[in-house]
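Take a first look at the fold below. Then follow its charged side chains, and finish with one helix.

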Amino acid sequence: MDKSSALQRLTGIKKVERLRALPPGSDAAPSAPDIAQRELGTASQEAQADLQTLQAAGWTFGPPESAPDDRAFEVVMDTDGHLKLAGRALTVKINPDLSAERVAELLAELGFKVRRELGFAPNTFLIEAEGQSGLEAAKSLNERPEVLYAEPNLVEAMQTRR
């Protein structure tokens, strides 16, 4: 993964503006399948199948005002034509030349909470965006010179194998 690949992918992801999702187990109003179907009316068959799979797994869908900001996931169409959900989590790789202290300062200054350091590469973290979606946070982080790449962690439906 590099910054140009991350930016290219991020520019291709499109938000479904009038639809939000809440995870299974949330104290949410009952799902509004008619609203979700209406908002995704012209979406691909894959996206329609993804919606059904996510609903069967307990995700609820409704208008943005029905979903609390701190628990809501944005509904997006990815570049592969599939419906996915973007919460506040994202993966970020910061220049490995920066010290751990400087990385911690930088992330705190930018308003991110470190969930954990990822062991597969130096200065790579799973972080949480405060007050914005992981999608928007990834876009802004990729503008920073000390960030090698940032991308949101997207929830996607897993279809059954045939």
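Start at E105, which is partly exposed at 44% relative accessibility. This is a predicted model. The side chain of E105 meets that of R102 in a salt bridge, at 3.4 Å from N to O. Both residues belong to helix α4, which spans residues 100-109. They sit 3 residues apart, so about one helical turn separates them. R102 is partly exposed too, with a relative accessibility of 28%.

Why might such side chains pair at all? Opposite charges can pair when the charged atoms come close.

Move on to R115 and E128. Their side chains also form a salt bridge, at 3.2 Å from N to O. Here two strands are involved: R115 lies in β5 (residues 112-117), and E128 lies in β6 (residues 124-129). The pair therefore ties together parts that are 13 residues apart in sequence. Are the two partners buried or exposed? R115 is partly exposed, with a relative accessible area of 44%. E128 counts as buried, at 18% relative accessibility. The cut-off explains that label, because buried means under 20%.

Some salt bridges share partners. Which residues do they join into one network? The members are R9, D78, D80, K84, E151 and E156.

Look at one link within that group. The side chains of E156 and K84 meet in a salt bridge, at 3.9 Å from N to O. E156 is in strand β7 (residues 147-156), while K84 is in strand β4 (residues 83-94). These parts are 72 residues apart in sequence, so the pair ties together stretches that the chain itself separates. The two ends have their own surroundings. K84 is buried, with a relative accessible area of 4%. E156 is partly exposed, at 41% relative accessibility.

How many salt bridges does the whole structure hold? A search of it finds 11. Among them are the bridge inside helix α4, the one between β5 and β6, and the one between β4 and β7.

Now leave the charges and turn to helix α5, residues 134-141. Which of its residues are buried? They are G134, L135, A137, A138 and L141. Around the axis, these residues cover an arc of only 165°, which means they lie on the same side of α5.

Go back to the model with these places in mind. Find R102 and E105 in α4, then trace the strand pairs, and end on the buried residues of α5.

How values were computed: Residues are numbered from 1 along each chain as its sequence is written. This is a predicted model: local features need pLDDT of at least 70, side-chain atom pairs count only at pLDDT 80 or more; totals for chains, interfaces and linings use all residues. Side-chain values use heavy atoms; hydrogens and water are left out. A salt bridge is a side-chain nitrogen of Lys or Arg within 4 Å of a carboxyl oxygen of Asp or Glu. Helices (H or I, at least four residues) and strands (E, at least two) are DSSP runs, numbered from the N terminus. Buried means under 20% relative accessible area, exposed over 50%, partly exposed in between (1.4 Å probe, protein chains only). The arc is that of the directions from the helix axis to the C-beta atoms.
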